[in-house]
Amino acid sequence: MKKSDWKDRLGVMYSTNPDFQYDMGDTEEQETLPNEKQALRISLDKRNRGGKAVTLVTGFQGTEDDLSTLGKMLKVKCGVGGSAKDGEIIVQGDHRQKVLEILKKEGYSKSRII
């Protein structure tokens, strides 16, 4: 670590230990499981969305890049908007059955509607 990275250490208490390493919060992302082993859950959610319904896909285990790729593919095939972050994919509207069919075609065989 460079000595000039003081901005990364804001909010960290001083340590008198000479071997102390600052924890910058860099966590390694876990590897993406194969499609057959992903147990994705598809649900309808209306909470905190102003009464609008969204299809919520949860249970994805893998990197953020793979999550956003899967989210983009689902949004394009459904023809709607949405987002992919924090381990879940949000597809605008009630597209549970269509999302399930798309995921089954892509090899996510353990996917189910809850």
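## A tour starting at threonine 58

Select threonine 58 and show its surroundings: beyond residues up to four places away in sequence, it touches Ala39, Leu40, Arg41, Gly87 and Glu88. Contact here means heavy atoms within 4.5 Å. The model is predicted, so local features need pLDDT of at least 70 and side-chain atom pairs count only at pLDDT 80 or more, while totals for chains, interfaces and linings use all residues. Residues are numbered from 1 along each chain as its sequence is written, and side-chain values use heavy atoms, leaving out hydrogens and water.

Stay on threonine 58. Is it buried or exposed? Threonine 58 counts as buried, because its relative accessibility is 16%. The cut-offs are under 20% relative accessible area for buried, over 50% for exposed and partly exposed in between, with a 1.4 Å probe and protein chains only.

**Strand β2**

Now select residues 54-58, strand β2. Threonine 58 is found in this strand. Helices (H or I, at least four residues) and strands (E, at least two) are DSSP runs, numbered from the N terminus. Five of the five residues of β2 are buried, so the strand is largely enclosed by the rest of the structure. Look at one face for Val54, Leu56 and Thr58, then at the other for Thr55 and Val57. Both faces are covered.

Pick valine 57 next. Setting aside neighbours within four places in sequence, valine 57 contacts Leu40, Arg41, Ile42, Leu74, Gly87, Glu88, Ile89, Val99 and Leu103.

**Partners of β2**

Add residues 41-45, strand β1. β1 and β2 run antiparallel and are joined by five bridges. Two strands count as paired if DSSP finds at least two bridges between them. Check the bridge partners: arginine 41 with threonine 58, and aspartate 45 with valine 54.

Then add residues 88-92, strand β4. β4 also pairs with β2 in the antiparallel sense, over five bridges. Here threonine 58 has glutamate 88 as its bridge partner, and threonine 55 has valine 91.

**The whole sheet**

Select all the strands. What is their order in the sheet? The open sheet of five strands runs β3-β4-β2-β1-β5, with mixed pairing. β3 (82-85) and β5 are at the edges with a single partner strand each, so one side of each has no neighbour in the sheet. Strands of a sheet pair through backbone hydrogen bonds, either parallel or antiparallel.

Go to the β5 edge, residues 112-113. Two bridges join β5 to β1, and these two strands run parallel. Find isoleucine 113 in β5: isoleucine 42 stands opposite.

**The helices**

Select helix α2, residues 96-105. Val99, Leu100, Ile102 and Leu103 are buried in this helix. Seen down the α2 axis, the buried residues fall within an arc of 165°, so they line one face of the helix. That arc is taken from the directions from the helix axis to the C-beta atoms. An α-helix has 3.6 residues a turn, so residues three or four places apart point the same way.

What do the buried residues of α2 pack against? They pack against β1, β2, α1 (64-78) and β5. α2 lies across β1, β2 and β5, running at about 160° to β1. Axes are lines fitted to C-alpha atoms, for helices over the stretch in contact, and angles run from 0 to 180 degrees between N-to-C directions. Just after α2, click glycine 107, which takes a positive phi of about 105°.

**The core**

Show the largest nonpolar core, which has 16 residues. Such a core is a set of buried Ala, Val, Leu, Ile, Met, Phe, Trp, Tyr and Cys residues joined through side-chain atoms within 4.5 Å. Leu40, Val57, Leu70, Leu74, Ile89, Val99 and Leu103 touch the most other members. The elements giving two or more residues to this core are α1, β4 and α2. The largest share, five residues, comes from α1.

**Zoom out**

Finally, show the full protein chain. Two helices and five strands are present, in the order β-β-α-β-β-α-β from the N terminus. Of the 114 residues, 25% count as buried. Among contacts between residues at least 6 apart in sequence, 50% join residues at least 24 apart.
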